[in-house]
Structure formats: C-alpha cells, structure tokens
Amino acid sequence: MMFPEIFLLSLGTVGKEVLEWLKVPLRERFGGVPVILPSSPLPKQALNLERNQYNSRVILNWLNLRGYPSPLLSLVDKDLYSPGLNFCFGEAELGGKRAVISLARLHPGYYSRPPDTQLLRERTLKEAIHELGHLFGLQHCPDQFCVMHFSHTLCDTDRKASLFCDRCQRKLEASVQKGN
Ligand SMILES: [Zn+2]
Ligand SMILES: [Zn+2]
C-alpha cells in the first residue's frame, strides 16, 4: 500500500516533538512519509468565548480557505467542539482533505492524573489515525477495538487499538487503489 504524503500541522502550541513522534507510526499505517508543515497560530474566529472552546468546523473551513496541502492532519491543544456536541476529540471531512484533533482531553492531567507521556502519545496516535481514516473514506466501525470505532469518552479511546480491523483495513486499501 502506498499513500501520498500526509501533512502534519501544529495549530497553536502543540510541540514539534509530538509531530515528529507521530511520523513513524503513521508511516507504518499509511505508507507515505508524513511531512511536518511550519506551525501556525489557531484561527481566532474559531474560538467560542462563551464555551471557551474552539469550533472544529470553523478550523476545517479555515484550513481549506488557506489552501493547505492535503491530506492534512492538524493538531491543537485547545478543547474542541462541533455543533451539537459538548466536545470532540477531533473532526475530519469524510472522504475530504483536512482533519483536526485536540490533545486537550488526552492529557491524563485533564482528569487530575499524573502526567504520562507514553499514554498521551498512544491516545494522540489513535485519534490521528482515526481522523486520517475518515479522510480516506472510512466511517465509524462497530468493532470497539478498531481504531475507527467512535470515541464517546476517553475509555473508548483507551480500549481501542491504534490498528484498523480487517474490514476497515480492506476498505482503506480499496480506497487507496481508487486514488482517493
Ligand atoms: Zn470519527
Ligand atoms: Zn473497523
């Protein structure tokens, strides 16, 4: 399986070491070598002051307007919401070009737990692969151990693996062969 490059973008203060770390496992899953773009501040218009959260749809629209290369995964460390949801771990345009994930609720510290870099990275990787899966046309999977299973809570994220189930893996490969 050979994918085109995947582009990684820090919006705000997500450290470059997080993106560097993601490169190896993303390459293993998707084939292409991830390219890290110069970071950018978060678009101010995405901030909802009443909720103190950023609207992921506004971020995705902004990324499109800015003409970033694709497929693009952007990472933020602010809390995200999507209209109709209290919060979201991330959002992607299904079969589209650009996605965003938030690390805010992946930090053990968010739940008053001690810092755990390895756990944070595992969670970040799962959310990254999940949203990239959407960009390659995959929908949510009923298999609770598949990376494409929807995470209602962090327990769901921690339960699932960072791998695609056989069914999703086959769909992914079919999508790549079509040149999606
Ligand atoms: Zn999803
Ligand atoms: Zn699956």
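Me: Taking helices (H or I, at least four residues) and strands (E, at least two) as DSSP runs numbered from the N terminus, how many of each are there in the protein?

Reply: The protein has 5 helices and 8 strands, and along the sequence they follow the pattern β-α-β-β-β-α-β-β-β-β-α-α-α. This is a predicted model, in which local features need pLDDT of at least 70 and side-chain atom pairs count only at pLDDT 80 or more, while totals for chains, interfaces and linings use all residues. Residues are numbered from 1 along each chain as its sequence is written, and chains are lettered from A and ligands numbered from 1 in the order in which they are written.

Me: OK, which strand order does the sheet of 5 strands have?

Reply: That open sheet has the order E2-E1-E5-E8-E7, with mixed pairing, where two strands pair if DSSP finds at least two bridges between them. Strand E2 (35–36) and strand E7 (90–92) each have a single partner strand, so one side of each is left without a neighbour in the sheet. Within the sheet, E1 and E5 are joined by 4 bridges in the parallel sense, and Phe7 stands opposite Leu72 in E5.

Me: And which strands does H3 lie across?

Reply: H3 lies across E5, E7 and E8 (contact means C-beta atoms, placed from the backbone, within 7 Å), and it runs at about 160 degrees to E8. Such angles run from 0 to 180 degrees between N-to-C directions, with axes fitted to C-alpha atoms, for helices over the stretch in contact. H2 also lies across E5, E7 and E8, at about 140 degrees to E8.

Me: What about the sheet of 3 strands, what's its order?

Reply: It is an open sheet with mixed pairing, ordered E3-E4-E6. Strand E3 (47–48) and strand E6 (80–81) stand at its edges. E3 runs antiparallel to strand E4 (residues 53–55), to which 2 bridges join it, and the bridge partner of Leu47 in E4 is Tyr54. Helix H2 (residues 56–66) packs on this sheet too, touching E4 and E6, with its direction at about 50 degrees to that of E4.

Me: Switching topic: which residues touch the most others in the largest nonpolar core?

Reply: Leu73, Leu75, Ala99 and Leu132 do, in a core of 41 residues, meaning buried (20 or more other C-beta atoms within 10 Å) Ala, Val, Leu, Ile, Met, Phe, Trp, Tyr and Cys joined through C-beta atoms within 7 Å. Among the elements that each supply at least two residues of this core are strand E5 (72–76), strand E8 (98–102) and helix H3 (117–135).

Me: What does Leu73 touch?

Reply: Leaving out residues up to four places away in sequence, Leu73 touches Ile6, Leu8, Ala99, Ile101, Ala128, Glu131 and Leu132.

Methods
Contact = placed C-beta atoms within 7 Å. Buried ≥ 20, exposed ≤ 12 C-beta atoms within 10 Å, placed from the backbone.
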